[in-house]
Amino acid sequence: MEEERKSFALLIDSDNVSAKYIQGIMNELTSRHGQVTYRRIYGDWTSNQMGHWKNVLAEYSLTPMQQFANTKGKNATDSFLIIDAMDILYEGKVDGFCIVSSDSDFTRLASRLRDAGMTVVGMGEKKTPRSFRNACTVFTSLELVLEGDEAEESSSSAQGQDEGTTRREVAEAITGIINDVPGDTVSLGELGSRLVRIYPDFDVRTYGYSQLSKFLQSFPNLRVARNDTLLTVSLRDTEDLINEVDTFIVESVAGREKDGIALGILGGKIHDEFPDFNVKDFGYSKLSNFIRDLEGVVVEKVEGVTRVFPEDE
């Protein structure tokens, strides 16, 4: 018997969300989360700025909720959406809410809905403050749901904005999760669920991947293995990782007996090859100290620049 899907109330703040996202919003919500029962969009529909939204109301069965801007300096639309959300909550006909906005004013609403046992899916542009992202059960950047030319244009315009959770933060969280489970091995599904609980805005698409397994395979300290039909994730042996980095360093300076390679340049090469390698994880405060302990290379300062040379045989 097919599992009953969760029902969601979709509430859109039209004041700071473009109509170009609507197809992506609907696809994301219905394919990843559940069925949409309430479809409401809030704003002043007497304003000329609502033209693009008016063009898609019928196509996506959106119900326009009228709120006149009665007071300057106050966002009446936000207040209307918040009150309406609480009314829907008390009706008890939905399992969750999808709040579409880039506004931190909905942080308290998201927290209140979660306190009531609701699943809260947040969607907003990359500029959305961390406070609202973290208040949601799951948060998705709207730039990720666009397709084609619009996606490229949106990505370019978002340069310099908050990119959400960094790879380094994700790497640290993954290490903590694996060390916290019996046997130091966790299933792929469980790891993904825990990551979202820690960072609601975690989404592999942010880092250029379509699958969690492929994303995890890009971390040099992780091992993704298949056990029958189950994918599991564990930490690779520290010795294996260090040996790979050691070999890479020795090969990078090979043939450079005359000039060597600047430590800064070598550090950049190491980072490119092993994005999440950090010498501090292995008890070293500096990269130079780590390299000095390797066989086959020497570290010297030449004219004020620290350089790495192949060791004379």
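How many bridges join strand 10 to strand 12, and do the two strands run parallel or antiparallel? Keep that question in mind as you open the viewer. The model you are looking at is predicted.

**Stop 1: strands 10, 11 and 12**

Select residues 305-310, which make up strand 12, and add strand 10. Here is the answer to the opening question: 2 bridges join them, and they run antiparallel. To see one pairing up close, pick Ile261 and look across to strand 12, where its bridge partner is Val308. Now bring in strand 11 as well: the 3 strands form an open sheet in the order 10-12-11, with antiparallel pairing. At the edges are strand 10 (261-262) and strand 11 (297-302), each of which pairs on one side only. As background, strands of a sheet pair through backbone hydrogen bonds, either parallel or antiparallel.

**Stop 2: strands 7, 8 and 9**

Next, select strands 7, 8 and 9, another open sheet of 3 strands, in the order 7-9-8 and with antiparallel pairing. Strand 7 (185-187) and strand 8 (222-227) stand at the edges with a single partner strand each, so one side of each has no neighbour in the sheet. From one strand to the next, the twist averages 30 degrees. Strand 9 covers residues 230-235, and 3 bridges tie it to strand 7, the two running antiparallel. Click on Thr185 and find its bridge partner in strand 9, Ser234.

Now add the helices here. Helix 7 (residues 167-180) lies across strands 7, 8 and 9, running at about 105 degrees to strand 9. Helix 8 (residues 188-198) also packs on the sheet, where it touches strand 7 and strand 9, and its direction makes about 85 degrees with that of strand 7.

**Stop 3: strand 1 and helix 1**

Move to strand 1 and strand 2, which run parallel and are joined by 8 bridges. Ala9 is a good residue to pick, with Tyr38 as its bridge partner in strand 2. Of the 8 residues of strand 1, 7 are buried, so this strand is largely enclosed by the rest of the structure.

Then select helix 1 (residues 22-32) and colour its buried residues: Ile22, Gly24, Ile25, Met26, Glu28 and Leu29. Their packing partners include strand 1 (6-13), strand 2 (34-43) and helix 2 (51-54). Strand 4 (96-100), strand 5 (119-124) and strand 6 (138-141) are also among those partners.

**Stop 4: helices 3 and 4**

Select helix 3 (residues 76-91) and helix 4 (residues 107-115), which pack at an angle of about 5 degrees with their axes 11 Å apart. The two helices are therefore roughly parallel to each other. On helix 3, show Leu81, Ile82, Ala85, Met86, Leu89 and Tyr90; on helix 4, show Leu109, Arg112 and Leu113, and you have the residues that make the contact. They divide into 8 nonpolar, no polar and 1 charged.

**Stop 5: two cysteines**

Why do Cys136 and Cys98 share no bond? Show both sulfurs: they are 8.7 Å apart, too far for a bond. A disulfide needs its two sulfur atoms within 2.5 Å. The structure holds 0 disulfides. Cys98 is buried, with a relative accessible area of 0%, and Cys136 is buried with a value of 0% too.

**Last stop: Arg292**

Finish at Arg292, in helix 12 (residues 287-292). With a relative accessible area of 47%, Arg292 is partly exposed. Draw a line from its C-alpha atom to that of Ser61: the two are separated by 66 Å, and they lie 231 residues apart along the chain.

Note on methods
Residues numbered from 1 in each chain as written. Predicted model: local features only at pLDDT ≥ 70, side-chain atom pairs only at ≥ 80, totals over all residues. Heavy atoms only, no water. Axes fitted to C-alpha atoms, helices over the stretch in contact; angles between N-to-C directions. Helix = DSSP H or I, 4+ residues; strand = E, 2+ residues; numbered from the N terminus. Parallel < 35°, antiparallel > 145°, perpendicular 65-115°, else oblique. Contact = heavy atoms within 4.5 Å. Nonpolar A, V, L, I, M, F, W, Y, C, P; charged D, E, K, R; others polar. Buried < 20%, exposed > 50% of the residue type's maximum accessible area, 1.4 Å probe, protein only. Pairing = 2+ DSSP bridges.
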